[in-house]
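Got the viewer open? Let's take a walk through this one, selecting a few things as we go.

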Amino acid sequence: MPQGSVVGSLLFLIYINDVVKASNFNIVLYAVDINLHISGNNHETLEKTVNHELKKIDHWVCANKLCTNYSKSNFILMNNRKNINFSVSFNHHPISKQSSLKYLSVILDDKLYWKPQIEKFVTQLCKSCGMLFKLKYYTNISVL
């Protein structure tokens with residue numbers, strides 16, 4: 001089998017699917033990205049739970065001889081309060097807290113206001129309108 005074949009990718013996906021049994025996180029796998037979700041009412045308890053469950057994930061990663069890119073790891077705390085002190089570490093590496101992040105091509109913010117997603121959409125729409133405006137000199141209206 002040549003390296004990089006479809007079989008290699010499928011075997012990796014079958015292999016990585018086992019991670020969902022490693023902890024109590026709700027886990028979403030998308031290609032080679034893993035998203036961990038957990039919720040709670042008390043932020044102190046939630047912080048302890050998250051750090052405990054991350055230790056379980058780290059144990060699974062080490063047992064399967066994989067590695068984590070800590071610089072690409074981050075978290076978002078969705079709440080309706082301001083300035084909750086919440087620290088997360090993964091294998092003694094602090095994970096950075098973000099106010100918004102991209103999740104399956106949708107930008108979510110910590111208050112679910114959708115402002116970053118709307119701004120991205122407006123930017124893309126303006127670029128498309130600009131291209132159509134420039135193309136009007138080179139083609140007819142039916143092509144546009």
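How much of the protein, in percent of its 144 residues, is made up of buried residues? The figure is 22%. Keep in mind that you're looking at a predicted model.

**Stop 1: the whole chain**

Switch to cartoon and colour by secondary structure. You should find 3 helices and 7 strands. Trace the elements from the N terminus and the order reads α-β-β-α-β-β-β-β-β-α.

**Stop 2: helix H2**

Now select residues 43-63, which is helix H2. Try putting a distance between its end C-alpha atoms: they are 30 Å apart. That agrees with expectation, because 21 residues at 1.5 Å a residue should span 30 Å.

Next, show the side chains of H2. The buried ones are Leu46, Glu47, Val50, Asn51, Glu53, Leu54, Ile57, Asp58, Trp60 and Val61. As you look along them, remember that an α-helix has 3.6 residues a turn, so residues three or four places apart point the same way.

Then check both ends of the helix. At the N-terminal end, pick Asn42, which caps H2. One of its side-chain oxygens lies 2.8 Å from the backbone nitrogen of Glu44. Past the other end, click on Lys65, which follows H2 and has a positive phi, near 55 degrees.

**Stop 3: the cysteines**

Select Cys62 and Cys67 and show their sulfurs. How many disulfides does the structure hold? The count is 0. A disulfide is a covalent bond between the sulfur atoms of two cysteines. Here the sulfur of Cys62 has its closest cysteine sulfur in Cys67, 10.0 Å away, which is too far for a bond. For a disulfide, the two sulfurs would have to be within 2.5 Å. Turn on the surface, too: Cys62 counts as partly exposed because its relative accessibility is 48%, while Cys67, at 75%, counts as exposed.

**Stop 4: a nonpolar patch**

Keep the surface on and select Met78, Val106, Leu112, Trp114, Ile118, Phe121, Val122 and Leu125. Together they make a nonpolar surface patch of about 710 Å². Which element gives the patch its largest share? Colour residues 115-135 and you have the answer: helix H3, with 4 residues.

Last click: Met78, another member of the patch. You'll find Met78 in the loop between strand E3 (74-75) and strand E4 (88-90). With a relative accessibility of 40%, Met78 counts as partly exposed.

Definitions and conventions:
Residues numbered from 1 in each chain as written. Predicted model: local features only at pLDDT ≥ 70, side-chain atom pairs only at ≥ 80, totals over all residues. Heavy atoms only, no water. Patch = residues over 30% accessible without salt bridge, like charges linked within 9 Å, V, L, I, M, F, W, Y side chains within 5 Å. Areas by Shrake-Rupley, 256 points an atom, 1.4 Å probe, with all protein chains shown as cover. Salt bridge = Lys/Arg side-chain N within 4 Å of Asp/Glu carboxyl O. Helix = DSSP H or I, 4+ residues; strand = E, 2+ residues; numbered from the N terminus. Buried < 20%, exposed > 50% of the residue type's maximum accessible area, 1.4 Å probe, protein only. Expected span 1.5 Å × (residues − 1). Polar contact = N/O pair within 3.5 Å; in protein donor to acceptor, adjacent residues only side chain to side chain.
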